[in-house]
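Here are my notes from going through this one, written so you can follow along with the structure open. Take the points in order and find each residue as you read.

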Amino acid sequence: MRPGTRGRPRCPLAASWYVALPSADLTDRPRPVRLFDRQLVAWRDHRDRPVLAPRECPHMGASLADGKVIDGQLRCPFHHWRFDGSGACVDIPGVQRIPRAAHLRPYPTIERHGYVWAWYGSAEPLFPLPELPALAAGRGHYSYFRLADTTGATVRRIMENTYDPDHLVALHGLDVAGPLGLRLLTDAGDTPDHGPPIAAEAYLGAELTWPRYAGKLGAVTRLLGTNARQFVLRVDGWPSGQRISYFADGVLQYRLLLAATPIAPNLTVQHITVAVRRTGRLWRDVMHHLVNRMEITFASNQDLPIFDTIEPGDQHGIYLERDRGVLRFRKHYQDWVNRVTDDA
């Protein structure tokens with residue numbers, strides 16, 4: 001691959017928005033980033049906006065991650081060529097006429113929800129990055145926590161897991177007094193409480209329902225006051241991310257953002273950010289925060305080892321009618337894999 005260019009990674013990724021890195025990791029120095037099976041560099045321009053571009057200097061291939069940021073411009077450590085936020089080379093010491101080819105090709109980026117996001121798959125984004133206002137509502141309304149776990153899974157494997165209610169019983173031991181329900185959502189207006197609607201062509205959602213907890217789980221949740229007659233997990237998402245709300249008897253418990261960083265084939269960071277609803281009663285809020293954090297962390301820790309053992313692709317083709325959610329998501333995801341056009 002030529003210096004300064006981008007290409008399709010060896011794993012099939014949908015054209016979509018992905019987490020490049022947490023915002024807190026990008027300071028006043030260049031940051032090496034491995035993303036999309038590419039060696040990239042990130043820095044902040046003169047307006048403090050994130051820039052993400054190929055790491056190799058187009059001059060002689062030096063690592064720009066070893067350079068310096070000066071007035072928002074990234075200076076190469078080798079010959080001190082300087083690049084601005086658009087990727088253009090704006091200064092070469094001792095040279096008045098800068099070669100036209102002296103430029104980088106930055107990825108479209110946006111900073112939101114405490115992350116720097118990068119668009120993959122085309123020169124310009126095909127839909128805007130969805131918002132989740134609960135993550136910006138402040139601690140007067142929610143308490144927050146984040147998880148970040150590296151797994152040997154693809155982005156699709158992580159995202160399709162939400163559409164698989166059976167694994168909640170089989171893997172996570174969800175002992176309930178009745179069957180689980182799955183309803184697929186195809187209208188972005190079905191989840192107005194999540195925030196502005198996701199672009200219709202990128203949207204796919206689901207609603208999972210189950211009755212009260214039973215057995216040992218039921219005894220524990222009754223003791224904690226967290227059991228209910230009906231639970232609802234409502235999901236709306238785009239190919240590489242999801243906004244999720246969890247309700248008990250119609251009362252919101254938390255909102256969750258699920259996103260991913262595709263580092264390389266079968267190497268992905270799963271990002272989870274959770275906003276737990278506050279009630280204004282201190283001890284109840286503390287307990288709910290701790291219980292939800294424990295449950296989400298425990299469930300994630302159960303999923304990750306399974307992800308690591310599943311081979312990518314669709315070679316395992318024995319499906320049941322109840323797998324329709326996973327199969328519908330796979331079709332949706334593949335539609336966006338097919339929209340990848342930037343192979344330069």
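The points below go from the whole chain down to single residues.

1. First, keep in mind that this is a predicted model. The protein chain has 5 helices and 17 strands. Of its 344 residues, 53% are buried. The chain exposes about 16,300 Å², and carbon and sulfur atoms supply 53% of that area.

2. Next, have a look at how the chain folds back on itself. Take the contacts with a separation of 6 or more: 62% of them are between residues 24 or more positions apart.

3. Now go inside. In soluble globular proteins, nonpolar side chains tend to be buried together. Here the largest nonpolar core has 77 residues, and Leu-52, Trp-117 and Trp-238 have the most contacts inside it. Strand 16 (residues 251–264) gives this core its largest share, 7 residues. Apart from it there is another core, of 16 residues, including Ala-53, Leu-64, Leu-74 and Leu-104.

4. What does Trp-117 touch, once its neighbours within four places in sequence are left aside? Among its contacts are Trp-17, Tyr-18, Val-19 and Ala-20, then Pro-108, Thr-109, Ile-110 and Arg-112. Trp-117 is also in contact with Leu-129, Trp-238, Leu-257 and Ala-259. Try clicking through them one by one; Trp-238 is another of the residues with the most contacts inside the largest core.

5. Not every nonpolar side chain is tucked away, though. Leu-282, Trp-283, Val-286 and Leu-290 form a nonpolar patch on the surface, and together they have about 480 Å² of accessible area. Leu-290 sits in helix 4 (residues 282–309). Is Leu-290 buried or exposed? Its relative accessibility is 52%, so Leu-290 counts as exposed, the cut-off being over 50%.

6. There's a neat sheet to trace. It is an open one, made of 4 antiparallel strands in the order 5-6-7-8. Strand 5 (68–70) and strand 8 (89–91) are the edge strands, as each pairs on one side only. Strand 7 (residues 82–83) pairs with strand 8 over 2 bridges, in the antiparallel sense. To find one of the bridge partners, start at Phe-83 and look across to Cys-89 in strand 8.

7. While you're there, pick out Gln-73, which is in strand 6 (residues 73–75). Leaving out residues up to four places away in sequence, Gln-73 touches Trp-43, Lys-68, Arg-82, Phe-83, Asp-84 and Val-90. How far is Gln-73 from Ser-86 in space, C-alpha to C-alpha? The answer is 9.8 Å, with their positions 13 residues apart in sequence.

8. On to charges: the count comes to 13 salt bridges. One of them joins Glu-207 and Arg-234, whose closest N and O atoms are 2.8 Å apart. Glu-207 is in strand 13 (residues 204–211) and Arg-234 is in strand 14 (residues 230–238), so this pair ties together parts that are 27 residues apart in sequence. Glu-207 counts as buried, at 13% relative accessibility.

9. Compare that with a pair inside one helix. Asp-335 and Lys-331 meet in a salt bridge of 3.7 Å, N to O. Both lie in helix 5 (residues 324–337), 4 residues apart, which is about one turn of the helix. Asp-335 is partly exposed at 32% relative accessibility, while Lys-331 is exposed at 52%.

10. Two more for your salt bridge list. Arg-34 and Asp-37 form one, with the closest N and O atoms 3.8 Å apart. Arg-34 is partly exposed, at 40% relative accessibility, whereas Asp-37 is buried, at 12%. There is also a network of salt bridges that links Arg-156, Arg-157, Glu-160 and Arg-330.

11. Finally, two backbone oddities. Most residues other than glycine have a negative phi. His-80 is not a glycine, yet its phi is positive, about 65 degrees. You'll find His-80 in the loop between strand 6 and strand 7, partly exposed with a relative accessible area of 32%. Asn-266 also has a positive phi, about 60 degrees, without being a glycine. Asn-266 lies in the loop between strand 16 and strand 17 (267–277), and its relative accessible area of 32% makes it partly exposed.

Notes
Residues numbered from 1 in each chain as written. Predicted model: local features only at pLDDT ≥ 70, side-chain atom pairs only at ≥ 80, totals over all residues. Heavy atoms only, no water. Core = buried A, V, L, I, M, F, W, Y, C linked by side-chain atoms within 4.5 Å. Buried < 20%, exposed > 50% of the residue type's maximum accessible area, 1.4 Å probe, protein only. Contact = heavy atoms within 4.5 Å. Patch = residues over 30% accessible without salt bridge, like charges linked within 9 Å, V, L, I, M, F, W, Y side chains within 5 Å. Areas by Shrake-Rupley, 256 points an atom, 1.4 Å probe, with all protein chains shown as cover. Salt bridge = Lys/Arg side-chain N within 4 Å of Asp/Glu carboxyl O. Pairing = 2+ DSSP bridges.
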